[in-house]
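Have your viewer ready and follow along, one selection at a time. We will visit a few helices and look at what they touch.

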Amino acid sequence: MNKISDPDNFTPQPTQDGSFTFFSEEFDEAFHSHFGARQETYLKFVLPSQVQKAAGNGRVRILDVCYGLGYNTAAALQVIWEANPICYVEIIGLEINPAVPKAAINQRIFYDWDYEFRQILSELAFKHQSYTERLKAKLLIGDARESIQILHQSGFQADAIFLDPFSPPQCPQLWTVEFIQKLALCLHQNGLIATYSCAAATRTALLAAGLVIGSTTPIGRNTPGTIAAYPRDEEEEMIPIPPLSEEEKEHLQTRAAIPYRDPQLRDAAEVIIMRRQQEQKASVLESTSQWKKRWVWKTENKSRNN
């Protein structure tokens, strides 16, 4: 899916919260928002997925899709063990490029984190596993589309899933209906999926997997992230999911909401993108530009009336 890069190709880039990220020349994107790599980790993934609450049960299972530098895993462990120091954590990370986590260690990205977390991330980067009395962590190297199928067959059920690939236009393979359906099969009935993406196509794929969705608070920019969970029976307590706004709901009725598809979970990015473009071209749904104009008009009209 993407070529394996040499660790020396990765140069730390500062973000606005003082933490560092890398830039991927292949995907032409940074691994994190320039507003803050560390900030994005906590506020888009770890806290919305409520791992701190799950820690009260004494055991938490996490699936970190596109492990990358290791921020999401490290922050989740920190939050969980602050909530419950004796909580047992099991983490599975999916990553296609082993050079990335190695570079994060070699470039001392986590120099200001506690030794325990640096040690865990180092073992994951170089040994692809880390075991302690309260941790069982593995890094599965390879195409996530293949790894997720193996993981499902193993019976793994995550309390929290971090969906953190490069953006849908750059890495559509991991935003398809088929991949997210496989992902949902690895989600515990009471678990949560958190992602930075609010793309209509992403949200449609989550809905197609039988999940309910909501928005997370925008961090550093106007767009929110997305949180997803399984619906509950009426007599069961529903996991709090912030509702979508009317504007967001209508966005899901536009051509932008036509999802990416990868029926056999092995198509190249170009094929997946072309398939979606063809489906959009044949669609009678409203265009995104029309939807935006309509909501701009509504907003301006409302302001005038107030």
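Start by selecting residues 177–185 and 200–208, which are helices α7 and α8: they pack at an angle of about 50 degrees, and their axes lie 8 Å apart. That angle makes α7 oblique to α8, because it falls in neither the parallel, the antiparallel nor the perpendicular range. The two helices cross in a right-handed sense. Now show side chains: Val177, Ile180 and Gln181 of α7 make the contact with Thr202, Ala205, Leu206 and Ala208 of α8. By class, this contact of α7 with α8 holds five nonpolar residues, two polar ones and no charged ones. Keep in mind as you look around that the model is predicted.

Next, select residues 99–106 and 115–127, helices α4 and α5. Their axes are also 8 Å apart, with a packing angle of about 140 degrees. α4 and α5 are therefore oblique to each other, and α4 passes α5 in a left-handed crossing. On the α4 side, pick out Pro101, Lys102, Ile105 and Asn106; they meet Arg118, Leu121, Ser122, Ala125 and Phe126 in α5. The contact of α4 with α5 comprises five nonpolar, two polar and two charged residues.

For the last stop, select residues 37–46, helix α1. How many of its 10 residues are buried? Seven are, so to speak of α1 as mostly covered is fair. Colour Ala37, Glu40, Thr41, Tyr42, Lys44, Phe45 and Val46 to see these buried residues. Then add their packing partners: β2 (20–21), α2 (51–54), α3 (71–83), β9 (158–163) and β10 (187–195).

Terms used
Residues numbered from 1 in each chain as written. Predicted model: local features only at pLDDT ≥ 70, side-chain atom pairs only at ≥ 80, totals over all residues. Heavy atoms only, no water. Axes fitted to C-alpha atoms, helices over the stretch in contact; angles between N-to-C directions. Helix = DSSP H or I, 4+ residues; strand = E, 2+ residues; numbered from the N terminus. Parallel < 35°, antiparallel > 145°, perpendicular 65-115°, else oblique. Left-handed = near helix turned anticlockwise from the far one by under 90°. Contact = heavy atoms within 4.5 Å. Nonpolar A, V, L, I, M, F, W, Y, C, P; charged D, E, K, R; others polar. Buried < 20%, exposed > 50% of the residue type's maximum accessible area, 1.4 Å probe, protein only.
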